[in-house]
Amino acid sequence: MDSALGDLPVSGALPELRNVHWRRRVDESALRRADRLWTLSTVAHEVPFLITAAVLPLLAPVLAIVSVFALLFAWVIPALYAARGAGVMRPPRRRPGMSLPAEERALGLLGDLVGHDARELCARTGLAVERGRFGAWVVGPAGALLVRPGGRRVQCYCVRVADAELPSADRVAHLLLALRADEAGFATVANLTFSGARRRLRPHLAPPAREALSRARRAARA
């Protein structure tokens, strides 16, 4: 499930916050709490399989093959969560009615929104990197990655633009402007799909998103 952003505010809180009024506005403590909860959830999934893998061969050597499968499950489950998080960076399918010139114009307008250093990256990948209070963001047409300070941990957010007719670059621009207008509100409206180590997420990203993630990591460590 994802959230949608409609009209942007000139300044202040995002109007879409009204649609998620039951959510507490995100702040730094909320982000740290989300990191801890995801870590605990991952440990809760992995530990039973690791214990099983360690104990079974002690009970009977013939059960070693079962231990191998237990270790496999301990590796696969976190990988599935990371793959789900990486899904927010997958570009949407190009609609038949959307012409290439329209996409190129939208990409040019997006380039005007970012700084000089990010403009070349934006032209190559279609993604925007933005430094915020909570870390460095990678903004795509259907979601965003938040590289936390230090660059080792990443949070993945699913959020979309209400107007599905917009070119991909226009969607990125729309989300980027929303992020700049209200970073905390953006993180509140969006749905957190993954929080974990950058090394877990990176293999599941396409090359353009990996490049943008590396740029965001450097920004988060600065």
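This report describes a buried threonine, a nonpolar surface patch and a pocket in a predicted model.

## Threonine 188 in helix α6

Helix α6 spans residues 183-189 and includes threonine 188. With a relative accessible area of 3%, threonine 188 counts as buried, because the cut-off for that class is under 20%.

When its neighbours within four places in sequence are left aside, threonine 188 is in contact with Leu17 and Val20, with the arginines Arg23, Arg24 and Arg25, and with Val26.

## The second largest pocket

The second largest pocket holds about 230 Å³ of space, and its lining is made up of 15 residues. Those that lie nearest the centre of this pocket are Val26, Ala30, Ala34, Ala187 and Leu192; Val26 is also one of the residues in contact with threonine 188.

At least two lining residues come from each of α1 (28-59), β5 (153-161) and α6, the last of these being the helix in which threonine 188 is found. The element that gives the most to the lining of the second largest pocket is α1, which supplies 5 residues.

## A nonpolar patch and phenylalanine 69

On the surface, Ile65, Val66, Val68, Phe69, Leu72, Phe73 and Trp75 make a nonpolar patch of about 730 Å². One of these patch residues, phenylalanine 69, is found in helix α2, which covers residues 64-86.

Phenylalanine 69 has a relative accessible area of 48% and is classed as partly exposed, because this value lies between the 20% limit for buried residues and the 50% limit for exposed ones.

Notes. Residues are numbered from 1 along each chain as its sequence is written. This is a predicted model: local features need pLDDT of at least 70, side-chain atom pairs count only at pLDDT 80 or more; totals for chains, interfaces and linings use all residues. Side-chain values use heavy atoms; hydrogens and water are left out. Helices (H or I, at least four residues) and strands (E, at least two) are DSSP runs, numbered from the N terminus. Buried means under 20% relative accessible area, exposed over 50%, partly exposed in between (1.4 Å probe, protein chains only). Contact means heavy atoms within 4.5 Å. Patches are made of residues with over 30% relative accessible area and no salt bridge: like charges are joined within 9 Å, nonpolar side chains (Val, Leu, Ile, Met, Phe, Trp, Tyr) within 5 Å. Accessible areas come from the Shrake-Rupley method with a 1.4 Å probe; for residues, only the protein chains shown count as cover. A salt bridge is a side-chain nitrogen of Lys or Arg within 4 Å of a carboxyl oxygen of Asp or Glu. On a 1 Å grid over the protein atoms alone, a cavity is a set of points where a 1.4 Å probe fits but cannot get out, and a pocket is an open set with protein on both sides within 12 Å along at least five of seven lines; lining residues have an atom within 4 Å of a point. Grid points are joined across faces, edges and corners, and a volume is the space filled by probe spheres set on the points.
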